[in-house]
Amino acid sequence: MLRLNHIRVLALSTIVLLYTGLPATLIAGPGEGFQYISPRPGAKLVSPQSDIVIRPGEVLAPLNAGAEELFRVSGSHNGAVRGVLFLAADGKTLIFRPERAFQPGETVTVRLRRGLRAARGAEIGALEFRFTVSATPEAVRRQFYEAQTAERLATIPSPGNRHRFQRKMNFFGNDSLPPDFPAITIDTLSHPAPGYLFLGLWQIDLAGGTVGPAFITMMDDHGTPLLYRRYEGSALDFKLQRNGLLSYYAGPAGAASYENSRFYALDETFAIVDSFRTGNGYVTDVHDFVLLPNNHALMMSYDPQTVRMDTIVPGGNPNATVVGLIIQELDPAKNVIFQWRSWDHFQITDADSNVDLTAATVDYAHGNSIEVDHDGHLLISCRNMSEITKIHRQSGEVLYRWGGKRNQFTFINDDRGFAYQHHLRRTAAGTYTLFDNGNFLDPEYSSALEYAIDEANLTATLVWSYRDTSIYSAFMGSVQRLGNDHTLIGWGGAYPSITEVRPDGSRALQISFQENYFSYRALRFEWEPGVFSADPAALHFDNPLQTPDTAWVTLQNNTSENLSLTTAVTRSAVFFMAAELPLLLPANGSVQLPVVFAPPASGSYSDVLTIRADRETEGVGGQIALSGEYGLSGLPDADGTAPQRFALEQNYPNPFNPVTNFGFGFRFSDLFH
């Protein structure tokens, strides 16, 4: 049965496809009236599992039964190709999904006859184009992905500045973190920006070439985790997305499972609510993932292909594995509605001069970030080209190339530039930050850079930087501009691991992980977990008459499963939870917790109680702010100083009859000796 907007199509034989009413022209790019075509006409090395996507550029009328006669697909090896033709949710994008994969090495012909109409009634023009399917064996792809982590990272030169330590923060209470959770050292803590730190902690033995275990974690500035999940494989890029969900990448242990790698989306209780994989047969890459407010997803993939490099560079390998870059946009139904391939726009020789083009494996682009610019178009960072590229969001055309061999920009206030960079991001002020690894620059050090871009005049003006010439990170790294104009720097493959700086370069926070633990990115977000809610949300002890003093907090479980509370820690012994752990917090239920205030002397105190439910491979929880005053009258003098000496006079009359009076006084003079 035919259904509106979702039509099964059987292309006719190759002979019948040469229908005299079809145009014979093979267009070289999106034709007149067509905004976007994928695969790109004339493209080579196309994935055998690709959908065919056509977007005229305006809303289309609903498809009807006649559409099956208008859209024909055939392969040079097996002739007519069956599939499903449908409109994506945007109403503009026409997608043909083949029932089977195309044959390796075959040429595919796509023909669209006149007859489709726009919603406004105008007829959509005819179209004909061809592309060639990759003949690269699946074994080549598998071998590439199996070597992605340990072997490839082990070839990266290790940074020289080793900050060696094995020390954890001292917590008061029972912290049941896994024994292999990495040690955290707080080197500097001086009024950092609000919010929690989001990290993907990854253990990499650079000498031995082994990887694991990995943790995603959300922690406070003292290194106390509110959330962690442990993976035997890899876990990276933990962050808050623009649609309000959290996300991270996780790859299962074992090289044979690389095709199951994906990004996961979490709600406020850390429950997984969705997962995302690249389409068209491409393996999901770890380097970046962006969820937009309309629930579209931007993703990337690496595309290993067999290329005769001896025909491209002297001494090239005749059977080289060359790695291309794929950028995709998925709609909420997980349809690929936009795809950009480096094969269509870059030359392999665009790689940085330090990339060995004669090697058996040539990773000439190595994309590592995607960003949406102010005009909706895409910015990508290609590490091995030392280039930032702007891509038209609808057509896929390259709008500009900044950095690297094909640089179109004039650098102002910067005679060094950047190299092998990571994490390009646009700030709220309209500038652009990136982490400059600085590989092969002289001298070799890493830094956080901020540029103002003038697209009309093609200038890139360096307006701010944080450069510590003692720090060199050969791989990974991030830069995030925070709401209070602080900048959070994740140093990636170097120690210290995280630095937060003010605009003047002074440090607000510096953190180091134990040796061989790294975080691909370090990010900060003002986000509160919703695993449980506390009443009161913040607990204050107001001058109790005696100590210790106890107050009660009601903890409400916001999840539909029982939680066993196993961790309750504070940063000092002034506050603590006086309940035996583990403690059951029933699903959607509540429990009352006694919190004790035990100050050693008069004064004002503050702390945080971290409560977590720890399981075999994860812990989820939250924090309650604690404060208290003890021995303070609350009657300040003109300078705001509380009195500390009191006098109580004899009552009169004594014995009283029928009433008596007491006089009292206080003085401040002794406070200022």
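A cavity here is a set of grid points where a 1.4 Å probe fits but cannot get out. The model in the viewer is predicted, and the tour starts at its largest cavity, with a volume of about 110 Å³.

**Stop 1: the cavity.** Select Tyr36, Ile37, Arg40, Gln339 and Asp344; of the 13 lining residues, these are the closest to the centre of the largest cavity. Then colour β2 (36-38) and β22 (336-341), the elements that each give two or more residues to the lining. By class, the lining has 5 nonpolar, 5 polar and 3 charged residues. At a threshold of 30 Å³ or more, the count is 1 cavity.

**Stop 2: the whole chain.** Zoom out and show the protein chain as a cartoon. It has 3 helices and 49 strands. Of its 673 residues, 54% are buried. Take the contacts between residues at least 6 apart in sequence: 59% of them join residues at least 24 apart. The accessible surface comes to about 28,200 Å², and carbon and sulfur atoms account for 50% of it.

**Stop 3: strand β45.** Select residues 590-597, which form β45; 6 of these 8 residues are buried. Add residues 549-557, strand β40, which pairs with β45 in the antiparallel sense over 8 bridges. Within this pairing, label threonine 550 and, opposite it, valine 596 of β45. Now add residues 575-577, strand β43, which runs antiparallel to β45 and is joined to it by 3 bridges. Here phenylalanine 575 stands opposite phenylalanine 597 of β45.

**Stop 4: two cis peptide bonds.** From β40, step back to the loop between β39 (538-542) and β40, where proline 548 is placed. Its peptide bond with threonine 547 is cis, with omega about 0°. From β43, go to the loop between β43 and β44 (583-585), which holds proline 582. The bond from leucine 581 to proline 582 is also cis, with omega near 0°.

**Stop 5: two positive phi angles.** Select histidine 423, in strand β29 (residues 422-426). This residue is not a glycine, yet its phi is positive, about 60°. Is histidine 423 buried or exposed? Its relative accessible area is 3%, so histidine 423 is buried, the cut-off being under 20%.

Finish at leucine 458, in the loop between β31 (447-454) and β32 (459-467). Leucine 458 is not a glycine either, and has a positive phi of about 50°. Its relative accessibility is 26%, so leucine 458 counts as partly exposed; that class lies between the buried limit of 20% and the exposed limit of 50%.

Definitions and conventions: Residues are numbered from 1 along each chain as its sequence is written. This is a predicted model: local features need pLDDT of at least 70, side-chain atom pairs count only at pLDDT 80 or more; totals for chains, interfaces and linings use all residues. Side-chain values use heavy atoms; hydrogens and water are left out. Helices (H or I, at least four residues) and strands (E, at least two) are DSSP runs, numbered from the N terminus. Buried means under 20% relative accessible area, exposed over 50%, partly exposed in between (1.4 Å probe, protein chains only). Contact means heavy atoms within 4.5 Å. Accessible areas come from the Shrake-Rupley method with a 1.4 Å probe; for residues, only the protein chains shown count as cover. On a 1 Å grid over the protein atoms alone, a cavity is a set of points where a 1.4 Å probe fits but cannot get out, and a pocket is an open set with protein on both sides within 12 Å along at least five of seven lines; lining residues have an atom within 4 Å of a point. Grid points are joined across faces, edges and corners, and a volume is the space filled by probe spheres set on the points. Ala, Val, Leu, Ile, Met, Phe, Trp, Tyr, Cys and Pro count as nonpolar, Asp, Glu, Lys and Arg as charged, and the others, Gly among them, as polar. Two strands pair if DSSP finds at least two bridges between them.
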